[in-house]
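Visitor: I'd like a quick tour of this one, please. Could you take my questions as we look?

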Amino acid sequence: STPYENILVETRTGAGSMNYGWIALNRPKALNALNDPLMDELGAALLAFEADDRIACIVLTGSEKAFAAGADIAMMAPFNFANAYRKGLISRNWDTLRQVRKPVIAAVAGFALGGGCEVAMACDLIIAADNARFGQPEVKLGIIPGAGGTQRLPRAVGKSKAMDLALTGRMMDAAEAERAGLVSRVVPAADLHAEADKIAQTLCGYSTLTLMAIKESVNRAYEAPLSEGLLFERRLFHALFSSNDQKEGMGAFLEKRPPSFTHD
Ligand code: CAA
């Protein structure tokens with residue numbers, strides 16, 4: 001029933017009155033290589049979930065073999081500088097992920113290479129199956145990462161490992177990615193989706209106001225000097241004391257009962 005051809009989209013029932021979005025990249029013949037139709041559909045699905053007040057968060061996943069093996073090389077091969085620049089290759093429909101203010105959880109199994117690794121890194125947290133492989137192999141194609149790989153990877157894993165991965169084009173496995181801080185958890189491949197469901201269910205039980213404020217504040221850490229980031233955090237912290245959800249959350253704790261948030 002999905003109106004999309006390159007992704008599978010579902011609304012899953014969460015805790016309380018909230019739901020969460022589930023998006024699975026689905027171009028199995030090309031290992032979910034990211035072409036314009038796929039990225040347009042991904043953007044549309046993300047924005048539809050973003051606009052739905054009953055959606056608390058979004059899970060983005062691929063198949064067991066590949067999260068995504070990169071931008072579509074067949075699509076990119078004929079480009080020259082002029083049309084890549086004019087058309088904004090790897091920007092027009094790749095930046096949508098950055099507009100989403102709700103948490104996006106990447107659940108990665110198999111290959112997350114090039115643009116696939118970059119899409120995962122543009123999500124808010126990455127959980128990985130034990131068969132996941134991460135890398136920036138663009139160097140082998142005579143190009144460099146073009147969707148954040150040279151910027152988000154060093155922030156996630158430090159300069160030395162980012163240089164290692166981008167300069168050699170080698171893949172790292174899930175255990176190395178977890179040690180390096182790129183992924184937050186590694187689980188057996190068979191449990192990946194259940195683990196993503198569990199995280200999404202947990203978030204569905206919280207106030208969407210606080211989830212969005214946490215995301216916004218953590219992301220400031222990558223944009224602002226510490227003093228400005230701390231000030232930004234303090235302002236949001238104070239602002240949340242004007243919400244019903246703060247009264248409910250603290251009231252429920254003191255009354256020793258579970259909270260029931262109204263997201264206002
Ligand atoms: N673009 C287009 N097609 C791709 C693709 C990609 N990135 N990755 C895989 N495919 C296609 C293959 O061409 C193949 O298609 P056919 O069956 O029609 O030949 C199909 O998917 C299956 O792939 P393989 O037969 O290669 O599968 P494998 O298991 O032998 O190897 C792999 C898997 C190691 C991931 C290998 O497919 C591979 O190296 N892929 C390319 C990875 C890559 O270079 N990614 C970076 C792209 S550049 C980029 O992403 C730029 C950016 O920063 C935004």
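Guide: Here come a few questions on cysteines and the ligand. It's a predicted model, so to speak of local features we need pLDDT of at least 70, side-chain atom pairs count only at pLDDT 80 or more, and totals for chains, interfaces and linings use all residues. Residues are numbered from 1 along each chain as its sequence is written, and side-chain values use heavy atoms, with hydrogens and water left out.

Visitor: How many disulfides are in the whole structure?

Guide: A disulfide here is a pair of cysteine sulfur atoms within 2.5 Å. Searching the whole structure turns up zero.

Visitor: Why does cysteine 204 not bond to cysteine 57?

Guide: Cysteine 57 holds the closest cysteine sulfur to that of cysteine 204, but that's too far for a bond. The gap is 4.9 Å.

Visitor: Is cysteine 204 buried or exposed?

Guide: Buried means under 20% relative accessible area, exposed over 50%, partly exposed in between (1.4 Å probe, protein chains only). Cysteine 204 has a relative accessible area of 3%, so it counts as buried.

Visitor: Which backbone atom lies 2.9 Å from a nitrogen atom of the ligand?

Guide: Over at the ligand, a side-chain contact comes from lysine 65, with a polar atom 3.1 Å from a ligand oxygen. For the ligand nitrogen, the partner at 2.9 Å is a polar backbone atom of isoleucine 73.

Visitor: How many nonpolar residues does the shell around the ligand have?

Guide: The shell also has four polar and five charged residues. Its nonpolar count is 15.

Key. Polar contact = N/O pair within 3.5 Å; in protein donor to acceptor, adjacent residues only side chain to side chain. Nonpolar A, V, L, I, M, F, W, Y, C, P; charged D, E, K, R; others polar.
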